[in-house]
Amino acid sequence: MLHPPTPYWALLDLEAVGRALDTFTTLPCPARPTPNSLSRWFDIASTRLTSLLISHAPSKRPCPRLKPWWSPRLSSLRREYHKFATTSSLDPSPLNWSNVKSSRRTYFKAIASPKKPHWSDFLSSATPRSLWTAKRFAFGRPPQMFPDLLGVSDPAEVAETLLNDFFPSKPPPPRLLRLTRYEDYTPLTSEEVSRALSKFSNTSAPGPDHIPYFVWKSVPRIKPSLLPSLLDPRLAHGFHPPSLKTALGIVLDKPGKPSYDSPSSFRVIVLLRTLSKILERVVASRLSAQAAICPLIHPLQSWCLPGRSTADAALVLKQNVESFHPLRYKVSTLFLNVKGGFDNVESPSLLCLLRRRGVSAYLVQWVGSFLRDHTCRLMFQGSPRLFTPISVGVPQGSPISPLLFVIYVSSLHLEMPRSRVIS
């Protein structure tokens with residue numbers, strides 16, 4: 001089965017993209033938008049932009065035999081070997097069999113000649129990151145386990161069972177009936193978009209839109225006002241369109257399981273649309289800035305905030321332990337792990353908490369719009385590959401989900417006598 005052609009982003013013609021973006025314009029946003037009209041406006045504008053980018057990237061058609069060391073001579077030798085093999089199967093004479101052995105020997109020697117120095121060069125220039133690639137080349141990929149669930153045989157039923165386990169149903173936030181442009185909103189700037197893009201890795205896997213981040217990073221350099229003009233109306237009205245809430249769920253088996261007849265033997269990696277994650281990163285930055293003003297998180301929270309990391313939490317723990325030693329106290333440490341935390345966030349409770357803590361109204365409204373009406377397409381062997389509505393707490397893989405989860409569980413940090421609580 002041939003793979004459909006995909007854009008070869010490494011050969012994207014940036015000069016041609018720059019000339020096209022200079023004349024690229026979007027229709028003006030509706031003056032008094034409704035959820036449907038704003039969603040329709042964004043879908044048209046974003047589709048035109050993504051189509052422009054894809055049209056300037058050459059197509060590639062992946063082939064299982066595609067190797068860096070392959071050459072036209074090897075293709076010619078392979079055709080000659082297959083021709084003699086076909087002739088020998090029709091007429092198994094000694095002469096034809098001798099031609100098969102001779103052409104086969106020549107073909108495989110020609111493969112070994114360029115393959116060995118290429119492998120040596122690859123190992124000599126290997127980095128800690130590429131060592132895993134070398135291991136995969138040497139030992140191959142382990143076979144992927146098919147979700148052979150008990151009592152389920154149809155692929156559609158397998159997908160439904162996995163979706164119900166990965167994304168348990170949650171009460172959705174209230175649906176938006178009309179949109180309002182909030183007075184406390186600060187317009188989105190090109191600098192904010194560029195800072196958000198700088199946080200993404202160029203090698204991160206894209207979602208259903210298949211556009212990598214290094215392509216989006218080139219857009220502000222060519223036309224700085226384009227992405228803000230596309231994203232600003234959504235944030236100003238606290239609205240996240242349904243077209244950006246589609247995701248790919250890559251189902252992976254957990255290694256070392258005795259059997260694979262239960263959903264708990266698998267995990268899912270969620271890939272969101274890259275254009276959506278750009279705005280999610282902007283909102284996360286704005287919300288973390290308000291977290292320093294509003295009492296949104298625990299004072300010793302050492303994750304999801306700029307300038308704080310888990311290394312800071314380890315240093316605070318070490319300092320607290322050492323401070324009790326002169327008092328001759330016996331010190332104990334209790335670690336708690338929240339399992340399935342993202343999936344079990346209740347959206348109405350989170351929105352109520354944000355309003356009560358004084359978060360800007362447009363951010364609260366956007367979070368409520370962001371957390372509802374998600375769809376996911378599970379990817380596994382034999383999957384029907386259909387987008388299915390799912391209920392999520394906060395989406396996995398989103399830049400803003402860790403911060404929303406930390407805000408949601410902030411009330412769990414209880415102060416106890418002669419103790420320190422670190423989050």
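Colleague: Why is Cys29 called partly exposed?
Modeller: Cys29 has a relative accessible area of 26%, and because buried means under 20%, exposed means over 50% and partly exposed lies in between (1.4 Å probe, protein chains only), that value places Cys29 in the middle class. This is a predicted model, in which local features need pLDDT of at least 70 and side-chain atom pairs count only at pLDDT 80 or more, while totals for chains, interfaces and linings use all residues. Residues are numbered from 1 along each chain as its sequence is written, and side-chain values use heavy atoms, with hydrogens and water left out.

Colleague: What makes Cys352 partly exposed?
Modeller: The relative accessibility of Cys352 is 40%, so Cys352 also counts as partly exposed.

Colleague: How many disulfides does a search of the whole structure find?
Modeller: The search returns zero, a disulfide being a pair of cysteine sulfur atoms within 2.5 Å.

Colleague: What makes the contact of Arg181 and Asp232 a salt bridge?
Modeller: The term requires a side-chain nitrogen of Lys or Arg within 4 Å of a carboxyl oxygen of Asp or Glu, and the N to O distance for Arg181 and Asp232 is 3.8 Å, which falls inside that limit. Arg181 sits in the loop between α6 and α7 and Asp232 in helix α9 (residues 226–236), so that distant parts of the chain, 51 residues apart, are linked by this pair; helices here are DSSP runs of H or I with at least four residues, strands are runs of E with at least two, and both are numbered from the N terminus.

Colleague: Which of the words buried and partly exposed applies to Arg181, and which to Asp232?
Modeller: Arg181, at 47% relative accessibility, counts as partly exposed, whereas Asp232, with a relative accessible area of 13%, is buried.

Colleague: How do you know that Glu192 and Arg286 meet in a salt bridge?
Modeller: Their side chains come to 2.8 Å, N to O, which satisfies the distance criterion. Glu192 belongs to helix α7 and Arg286 to helix α10 (residues 274–291), so this pair ties together parts that are 94 residues apart in sequence. Glu192 counts as buried at 15% relative accessibility, and Arg286 counts as buried at 11%.

Colleague: What accessibility classes do Asp373 and Arg372 receive?
Modeller: Asp373 is partly exposed, with a relative accessible area of 34%, while Arg372, at 10% relative accessibility, counts as buried. These two residues form a salt bridge in which the closest N and O atoms are 3.1 Å apart; the structure holds four salt bridges, among them the pairs discussed here.

Colleague: Why is Thr189 called partly exposed?
Modeller: Thr189 has a relative accessible area of 32%, so it receives that label. Thr189 lies in the loop between α6 (155–166) and α7 (190–198), and its C-alpha is 24 Å from that of Gly358, a residue 169 positions away in sequence.

Colleague: How does the radius of gyration of the protein chain stand against that of a compact globule?
Modeller: The protein chain has 27 Å, whereas a compact globule of 423 residues would have a radius near 22 Å; the radius is taken over C-alpha atoms, and the globule rule is 2.2 Å times the number of residues to the power 0.38. The C-alpha atoms fill a box of roughly 90 × 65 × 50 Å along the principal axes, and 42% of the 423 residues count as buried.
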